[in-house]
Amino acid sequence: MPVIDFASLRKIIELESKKDYQNTAVIGGFDKFIRQWAEQSIGVINSRPLLAKFQKLHLRNPDYKSLSPEQRKGWLQSILSLADELEHVKTEKSQPTKKTAVKIEGPITKPRVIKTSSAQSLDASIITIKGISTALSARFGKLGVKTIRNLLYFFPNRHLDYSQLKTVSQLAEGEEESIVANVWETRVVMPGGRRSTEAIVGDETGNIRAMWFNNPYLAKTLAPNMKIVLSGRVKLFNGRLVFESPEWEPLEDKDLVHTGRLVPIYPLTEGLHQRQTRKLIKGVVDQYAGQITDFLPSEIKTRCQLMELPSAVSQAHYPDSLNLKDKARVRLAFDELFLLQLGVLGKKRDWQESQPGTSIKTNQKILGDFVKSLPFTLTDAQQKVLKEILSDMEKIQAMSRLLQGEVGSGKTVVATAALLMAVADGYQTALMAPTEILAEQHFATIHKLLSGTGRLQEQAEHLYSYSGILPEPLTIALLTGAIKPKEKKEIHKLIADGKIDIVIGTHAIIQKEVAFKRLGFAVVDEQHRFGVAQRSTLRQKGTNPHVLVMTATPIPRTLALTIYGDLDLSVIGELPPGRQVIKTKWLKPIQRESAYNFIRREVGSGHQAFIVCPLIEESESVQAKAAIAEYEYLSQEVFPNLQLGLLHGRMSAKDKEKTMDDFHGGKLDILVSTPVVEVGIDVPNATVMMVESADRFGLSQLHQFRGRVGRGEAQSYCMLLSQNPSDVGQERLSIIETVYDGFRLAEEDLRIRGPGEFFGTRQSGLPDLRMAKLSDVAILELARNEAEMLFAKDPHLKGQELSLLVKELARVWTTEAGEWS
């Protein structure tokens, strides 16, 4: 019998209220979502008064988009009130149904039984579970565990293997061991003045001592002749073997939880303990795992040889064997990656089909003149990528392409050529960068590139106009948060009137005050700094404009296909001729003075240097203070005769600009900077990059720093200083010394740090990966292939056999990026 999905409704309305009732919580609009919800729900309502209220709200024929924000708020509150009444009636009428049992194969001890019960919704609060108090619920809440479903999917991060039972005579020092033993004697002892419990336990092969420090209460619990299972590390003390603080539980006619099996270890927070959590989750898994609906079509499960979902969840927590634990992980990892792929492919389909894109024709003469005006020849890789981009832009379907290329590979030139083609065909364009420094740099670079083919006709502080490129003058403008309100307002008006052709800026471009007259093409630089939501907002600024995403962070192909699954991939895999290898050296603390002397020599030869301050996690303000202190020490104590400048994230745009201009113009010998220098700064005369506490940075970030030098003709150098690196830090520094290929470094970085740290922050708008690792290349490719096959067969997932999958997809993708629908 169908049920009303209250959880999704509440989630969407909560998200819509957070977004100030702007009709952006759901891709395709709230009307589409509520119409579908109403159609599914109306057949379940048996109460005539409630049915009348339902009809009065016009949920099956809504017109949310035409309401004002205040009217929308009132209407949504009415829907929530109705939902509360419906749920109240449902709760009163619902009675527990008879429990059935499903047997699972492959047990170690006795057959595992998964109970199926529909007595309670999986989306009910965990406070409804026996044994979970309000205080305990709050602690689980800190871990994102709020519902029964959350608890079922709160997987352990590892298991202790206590499954191989031994006798006392078989125990070995230093091993994790498990025994079944009788308790012979217990007493309270005082080792080191701490009240503790000591027990003598044994079996038919011998006896052993067990000690629980700081736990005198166990002496009363462990009664003589009680049969228990002990699991833990065996140590040698005064020539005899002893269990120190082992896990234990009575041997009874039920599943073991803490001993004698593969025992889960959960990632907990303060106030939660392993024994308590294991016991709770074991009860929840036994009672509710069978209630989980397996949403994968049978055909996919059979083809990919995947375990049934209820069994997978159960075995992920309390596996009956290592083999079943692995099979459970494969099934759950596949689910996560498959739903992720369907989500991003579905979003791509939605924005491509929701409204046609704009076909932008390539003007070969204007393109040819621009390419000829460049002071260098485009590499084969640049020409290939430009051809791919322009070919996409000519299609009626909006382009969504990721352009990857090393620092200095010439992505900006390619992007500028594409921007120029869109303007030549009568469209406005935008280039969005993550920082003001990078936006200003792009503005300066594009100005320089356009000056080669046209004449500067008009100039203001943040606006340039050129003649001789197109039949009409071409205008570019810079738009960042730091521009004065009056000037910003003028730029907004010019954009709205269609008088600015290329807008270069930061997040300021996607603020609601900015309205384009005819946006046809947008470039987003350094994409991993932006989330899916920002990309979506930028797309809404025009009539489904073509979007090009650029990144200098080499992203392994498997990772790119997962995180940017909605983007086609282009790679500039070669550097322009003459780009040199930057000599890289990891220096020990004792070599610091020689590093300073080397910088003095390079400056004496007419060159410049960067010094990057340590990465400080606390906050940007703490980082800024540390940079100021380092700058003062270096300028007063180490380099008193040289000109030093300081750059950090808390400086005003004007001060940043002045510092960069001074460094670029040669007025400064050394630029001391926080990691803000990582992207976009181009000073050809700089030949030395020195990174303090280099072990705190990832390989990809160190590679970015290194790419700031070596942009001129002189040999350049990168010096990495590290005080006391960990084993992982040492591994990283050894790799960066010898490997110069950004993609190989990215693969190593991903292997060492994992995807979350690889990106600095979790890519916003994507579902969490709990079981899948992005190093699971085989599962990832399997999931992607299955997702593509499914879309090819049924692009809108309308098939009856896919109804459960569509529901799960909607539940998983209810995030701040909007609802998958």
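**Exercise 1. Cysteines**

Is C613 buried or exposed? Decide this for C613, do the same for C718, and then state how many disulfides the structure holds.

*Solution.* The model is a predicted one.
- Step 1. The relative accessibility of C613 is 2%. Buried means under 20% relative accessible area, so C613 counts as buried.
- Step 2. C718 has a relative accessible area of 2% and is therefore buried by that cut-off.
- Step 3. A disulfide is a covalent bond between the sulfur atoms of two cysteines. Searching the whole structure gives 0 disulfides.

**Exercise 2. The chain as a whole**

State how many helices and strands the protein chain has, what share of its residues is buried, and what share of the contacts with a separation of 6 or more links residues 24 or more positions apart.

*Solution.*
- Step 1. The protein chain contains 26 helices and 26 strands.
- Step 2. It has 821 residues, of which 54% count as buried.
- Step 3. Among contacts with a separation of 6 or more, 71% are between residues 24 or more positions apart.

**Exercise 3. The sheet of 6 strands**

Give the strand order and the pairing sense of the sheet with 6 strands, find its edges, and list the helices α22 and α23 with the strands they touch.

*Solution.*
- Step 1. The order is β21-β26-β25-β22-β24-β23; the sheet is open and its pairing is parallel.
- Step 2. The edge strands are β21 (583-587) and β23 (644-647). Each has a single partner strand, so one side of each lacks a neighbour in the sheet.
- Step 3. On average, neighbouring strands of this sheet are turned by 20 degrees against each other, direction ignored.
- Step 4. The partner of β21 is β26 (residues 717-721), and the two pair in the parallel sense over 5 bridges. Within this pair, L587 is opposite L721 of β26.
- Step 5. Helix α22 (residues 699-706) packs on the sheet and touches β21, β22 (608-612), β25 (686-691) and β26. The direction of α22 makes about 150 degrees with that of β25.
- Step 6. Helix α23 (residues 727-738) also packs on the sheet, where it touches β21 and β26. The direction of α23 makes about 155 degrees with that of β21.

**Exercise 4. The sheet of 9 strands**

Describe the sheet with 9 strands in the way used above, and state which strands α13 and α15 touch.

*Solution.*
- Step 1. This open sheet has mixed pairing and runs in the order β14-β15-β16-β17-β13-β18-β19-β12-β20.
- Step 2. At the edges stand β14 (455-460) and β20 (568-572). Since each has a single partner strand, one side of each is left without a neighbour in the sheet.
- Step 3. The average turn between neighbouring strands of this sheet is 20 degrees, direction ignored.
- Step 4. Strands β13 (residues 428-432) and β17 (residues 502-505) run parallel and are joined by 4 bridges. L431 stands opposite I504 in β17.
- Step 5. Helix α13 packs on the sheet, touching β12 (400-405), β18 (519-525), β19 (546-551) and β20. Its direction makes about 155 degrees with that of β20.
- Step 6. Helix α15 packs on the sheet as well, with β13, β14, β15 (463-467), β16 (474-479), β17, β18 and β19 as the strands touched. The direction of α15 makes about 165 degrees with that of β16.

**Exercise 5. Two helix pairs**

Classify the packing of α13 with α14 and of α15 with α21.

*Solution.*
- Step 1. Helices α13 (residues 380-393) and α14 (residues 411-424) pack at about 30 degrees, with axes 10 Å apart. Angles under 35 degrees count as roughly parallel, so α13 and α14 fall in that class.
- Step 2. The crossing of α13 past α14 is right-handed. Q382, V385, L386, I389, L390 and M393 of α13 meet V414, A417, A418, M421 and A422 of α14.
- Step 3. Helices α15 (residues 436-451) and α21 (residues 653-664) cross at roughly 55 degrees, and their axes come within 10 Å. The pair is therefore oblique.
- Step 4. α15 passes α21 in a right-handed crossing. The residues that meet are E436, I437 and E440 in α15 and A653, K656 and E657 in α21.

**Exercise 6. Positive phi**

Where do N23 and L797 lie, and what are their phi values?

*Solution.*
- Step 1. N23 is in the loop between α1 (6-18) and α2 (30-41). Its phi is positive, about 60 degrees, although N23 is not a glycine.
- Step 2. L797 lies in the loop between α25 (777-793) and α26 (803-812). The phi of L797, another residue that is not glycine, is near 50 degrees.
- Step 3. With 5% relative accessibility, L797 counts as buried.

How values were computed. Residues are numbered from 1 along each chain as its sequence is written. This is a predicted model: local features need pLDDT of at least 70, side-chain atom pairs count only at pLDDT 80 or more; totals for chains, interfaces and linings use all residues. Side-chain values use heavy atoms; hydrogens and water are left out. Two strands pair if DSSP finds at least two bridges between them. Axes are lines fitted to C-alpha atoms, for helices over the stretch in contact, and angles run from 0 to 180 degrees between N-to-C directions. Contact means heavy atoms within 4.5 Å. A disulfide is a pair of cysteine sulfur atoms within 2.5 Å. Buried means under 20% relative accessible area, exposed over 50%, partly exposed in between (1.4 Å probe, protein chains only). Angles under 35 degrees count as roughly parallel, over 145 as roughly antiparallel, 65 to 115 as roughly perpendicular and the rest as oblique. A crossing is left-handed if the near helix is turned anticlockwise from the far one by less than a right angle, and right-handed if clockwise.
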